Amino acid sequence: MASSNMFLLYSSSSIDVTLSPRWGEGHIEPTFNPDAQVTLLEGSGIENGIMTANVRCDNCINQENDLASSKWIWAYKEGQPLSSSNVSQKIGFHDNFGSANVDLSRSLSNSDNPFVGYDPSTSAMSSNRSGGNNKAVLVTHGFLMSFAFVLLFPSFALLVPAPLSIPVLKAHAPLQVVTLAIAIAGMGLGLRLWVGGGVPQNTDVHPILGIIVMALLILLQPLMGWFQHLQFRRNGGKSVFAHAHRWLGRTMIILGIINGGLGFRLAGIGKPGTSRGAMIAYSVIAGVMGLAYISVHLIGTMRRGAKQTSESVGETKEVNDDGEEVEK
């Protein structure tokens, strides 16, 4: 949106609208453009929930090189009306956007108000229009990443310490690979939003931390697990790769869950597609999974300790001729 001339339209009352010409400076909030010579003409307003702006611009043509194919972008935001007549009113980030080519050569008129008796069939907009459902992409991104980091990654990690007779290569490893694929798909949608203008391209920590976490999971986590598997086949024990794999995984899961909360904040908690209920559910499920994860590891530690104690006690006793255990 850099160097774009914008016409922002929002409600000033239940029946009137405010036209705010602004200047785009990139993926940040546009600022009011006092040099724009624009006027709202008769017929503008709000009727049956639809905002209409009949705009006359006296210096827009001077800024166009190709009137027959003028490139335009559009965007809108859902939610409560602003109800402001301030042309510098603060606005939130848009929920959806797209583009269109407009034939401005057909928009020239000598009439004071060419919109009077306007026939929509003579639209100056070409058929080359495009847009994307940002809300659907945002919700899908959030669902996939939450599903992976809050539920699947910790659940499948517990298959290793859990008292189950399932080989790691047949359960833990393939299931975590599937989960990683889900997370990669979610990351792809997040990058699409970030690069394509679906979220503010500022210094927010959420996309940056997300890329770091996913990069470490993709590049290092499977590698550490595979090296430990090779080491286990050689001597049947743990190596430095086992500890690196375990703690890297735990750290990335924790950071991923925290980053999910940061994602809710970036999207705007309470806004369409980012309800407070979803944030509460995310927090509750993450808390329950955290308790379950800690509980399984504590139980495993206690069992190993009891087993070691039993073995050490057994070594200090011997069986006498009567078949009774006595101290050595």
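**Close-up views of a predicted model**

**View 1. Annotated transmembrane regions in the predicted model.** An unreviewed UniProt entry places the feature "transmembrane region" at residues 136-161, 173-195, 207-227, 247-267 and 279-300. In the span of residues 207-227, 95% is helix and 0% strand, and the end C-alpha atoms lie 30 Å apart. Residues 279-300 are 100% helix and 0% strand, with 32 Å between the end C-alpha atoms.

**View 2. Helix H1 and its kink.** H1 covers residues 134-157, a run of 24 residues. From first to last C-alpha the helix reaches 33 Å, close to the 34 Å expected at 1.5 Å a residue. The kink amounts to about 35 degrees and is centred on Ala148.

**View 3. The aromatic pair of Phe7 and Trp72.** The model has a count of six aromatic pairs. In one of them, Phe7 and Trp72 meet edge-to-face, 6.2 Å centre to centre with 65 degrees between the planes. Phe7 belongs to strand E1 (residues 5-11) and Trp72 to strand E8 (residues 70-76), so this pair ties together parts that are 65 residues apart in sequence. Phe7 is partly exposed at 32% relative accessibility; Trp72, with a relative accessible area of 35%, is also partly exposed.

**View 4. The aromatic pair of Trp74 and Tyr76.** The pair counts as stacked because the ring planes are at 5 degrees, with the centres 6.2 Å apart. Trp74 has 36% relative accessibility and counts as partly exposed. Tyr76 is partly exposed at a relative accessible area of 38%.

**View 5. Arg250 and Trp247.** The charged end of Arg250 sits over the ring of Trp247, at 4.5 Å from the ring centre.

Terms used. Residues are numbered from 1 along each chain as its sequence is written. This is a predicted model: local features need pLDDT of at least 70, side-chain atom pairs count only at pLDDT 80 or more; totals for chains, interfaces and linings use all residues. Side-chain values use heavy atoms; hydrogens and water are left out. UniProt positions are given in the numbering used here, feature names are shortened, and annotations may be inferred rather than shown by experiment. Helices (H or I, at least four residues) and strands (E, at least two) are DSSP runs, numbered from the N terminus. The expected span of a helix is 1.5 Å times one less than its number of residues. The bend at a residue is the angle between axes fitted to the seven residues ending there and the seven starting there. Rings of Phe, Tyr and Trp (its six-membered ring) pair if their centres lie within 6.5 Å; planes under 30 degrees apart count as stacked, over 60 as edge-to-face and the rest as tilted. Buried means under 20% relative accessible area, exposed over 50%, partly exposed in between (1.4 Å probe, protein chains only). A charge sits over a ring if NZ of Lys or CZ of Arg is within 6 Å of the ring centre and within 35 degrees of the ring normal.
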